[in-house]
Amino acid sequence: MFGRKKQKSTIDKDQLELIENAQRRIKQKKRLYAHFILFLIGSVLLIIVNTVLGIGEYITLYGISWFVYAISIWFLLFLYHVFNVYVTQKFMGKAWEQQQLQKLVGLQELRIQKLKEELRKEEMVKAQSDIYNETTSNTPKLEKHTTAQATIIVAAAENNAIGKNNTLIWHLSKDLKRFKSLTSGHHIIMGRKTFESFPKPLPNRTHVVITRQSNYKVPEGVIVVNSLEKALAISKNDSQPFIIGGGQIYEQAISMVDKIELTRVHETFEADTFFPEIDTSLWEETKNEFHPKDETHNYEFSFITYQRR
Ligand SMILES: NC(=O)c1ccc[n+]([C@@H]2O[C@H](COP(=O)([O-])OP(=O)(O)OC[C@H]3O[C@@H](n4cnc5c(N)ncnc54)[C@H](OP(=O)(O)O)[C@@H]3O)[C@@H](O)[C@H]2O)c1
């Protein structure tokens with residue numbers, strides 16, 4: 001409470017390392033400079049000793065005075081010193097530079113991750129406030145065709161069966177692949193029971209779960225709303241949200257959308273959940289792609305696209 005708080009160092013480890021290396025570098029260069037001066041003075045002295053004072057005047061090798069050898073050897077040592085300072089002990093070295101670069105890249109990646117997380121949180125808050133505004137304002141329900149981009153996606157048998165005991169009735173890998181490719185990156189709107197039929201949320205899609213329960217718990221990132229209208233309102237910035245079921249939600253949504261992506265399984269099944277009958281006076285078939293049975297597909301099926309007339 002009383003007394004001064006110890007000042008926290010504002011220099012981080014990397015900065016400190018940089019400063020220490022810079023100081024070491026200055027010392028190395030100072031020493032090299034001192035060596036150079038010493039070499040000059042020494043060389044002059046050697047010349048004076050030999051030529052002026054006549055010391056060792058007669059000591060020669062191959063006709064060359066000893067001081068020439070002494071100065072040459074010293075000069076070589078000086079060159080070696082220069083080489084050491086400018087090449088061998090080059091500032092921080094390549095490995096250090098690489099390490100710094102990696103650190104920098106790591107920091108940037110961390111920053112990007114943080115930004116992404118913040119963006120996702122912001123989207124969630126916005127979505128929640130959209131729900132709030134919908135609930136508290138007197139604005140009328142979403143009008144029938146303001147949600148024209150929303151598409152129903154469903155796999156239904158010839159008798160419109162779509163599920164039994166909260167699971168799908170068949171396994172058609174091509175259908176699952178198509179579902180994945182169409183819905184990836186988009187909002188997928190579903191009833192609480194369909195959501196619970198997944199072992200975990202599907203990757204790369206924004207889940208919007210409809211329930212009347214006020215305290216329904218979901219994993220992080222999943223949006224919960226209490227009506228189909230709110231689910232559609234929340235997905236309004238998505239160019240192509242999908243309504244993925246189940247029976248109760250399809251029943252309410254079929255009058256609100258303009259497009260149905262149907263996988264018609266050419267077989268009749270016992271079921272407890274059904275897709276509503278498609279009234280062809282209201283819906284026009286615009287695409288139909290038949291797939292026969294094969295080793296991995298036990299039933300014939302067709303991918304059919306319907307557009308509202
Ligand atoms: N073949 C396919 O393409 C396909 C696709 C999806 C699902 N399915 C199958 O369909 C079956 C599930 O369908 P389902 O009809 O039983 O359930 P569902 O439609 O998935 O979910 C029903 C739940 O949604 C909530 N709900 C429905 N209308 C609501 C509204 N107006 N306002 C607020 N909440 C509302 C309620 O949750 P609360 O009870 O929590 O209030 C209700 O119990 C499963 O068998 C599944 O495998 C098949």
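Two strands are taken to pair where DSSP finds at least two bridges between them. In the predicted model described here, strand 5 and strand 6 satisfy this criterion, being joined by 5 bridges and running parallel. Within this pairing, H187 has T206 of strand 6 as its bridge partner. Strand 6, which spans residues 206-210, has 4 of its 5 residues buried and is therefore largely enclosed by the rest of the structure.

The protein chain as a whole contains 7 helices and 12 strands. Of its 309 residues, 18% count as buried. Among contacts in the chain with a separation of 6 or more, 68% are made by residues 24 or more positions apart.

A contrasting picture is given by strand 11 and helix 1. Strand 11, formed by residues 283-291, is hardly covered, the count of buried residues among its 9 residues being 0. Its partner is strand 12 (residues 301-308), to which strand 11 is joined by 8 bridges in an antiparallel arrangement. One of the residues concerned is H291, for which the bridge partner in strand 12 is F301. Helix 1 comprises 40 residues, from 13 to 52. The distance from its first C-alpha to its last is 58 Å, close to the 58 Å expected at 1.5 Å a residue. Because the number of buried residues among the 40 of helix 1 is 0, this helix lies largely in the open. Helix 1 is followed by G54, whose phi is positive, near 75°.

The interior of the model was examined next. In soluble globular proteins, nonpolar side chains tend to be buried together. The largest nonpolar core here has 37 residues, of which A156, I189 and I243 touch the most other members. When neighbours within four places in sequence are left aside, the contacts of A156 are A161, I162, L262, R264, V265 and F275.

The ligand is surrounded by 28 residues, the closest being G163, G191, G245, G246 and G247. Two or more residues of this shell are contributed by each of strand 3 (151-157), strand 4 (161-163), strand 5 (187-191), helix 5 (192-197) and helix 7 (247-253). By residue class, the shell divides into 16 polar, 9 nonpolar and 3 charged residues. Strand 5 thus appears in two settings: among the elements that supply the ligand shell, and in the parallel pairing with strand 6.

Notes. Residues are numbered from 1 along each chain as its sequence is written. This is a predicted model: local features need pLDDT of at least 70, side-chain atom pairs count only at pLDDT 80 or more; totals for chains, interfaces and linings use all residues. A nonpolar core is a set of buried Ala, Val, Leu, Ile, Met, Phe, Trp, Tyr and Cys residues joined through C-beta atoms within 7 Å. A residue is buried if 20 or more other C-beta atoms lie within 10 Å of its own, exposed if 12 or fewer, and partly exposed in between; C-beta atoms are placed from the backbone. Two residues are in contact if their C-beta atoms, placed from the backbone, lie within 7 Å. A residue is near a molecule or strand if its C-beta atom, placed from the backbone, lies within 6 Å of it. Ala, Val, Leu, Ile, Met, Phe, Trp, Tyr, Cys and Pro count as nonpolar, Asp, Glu, Lys and Arg as charged, and the others, Gly among them, as polar. The expected span of a helix is 1.5 Å times one less than its number of residues.
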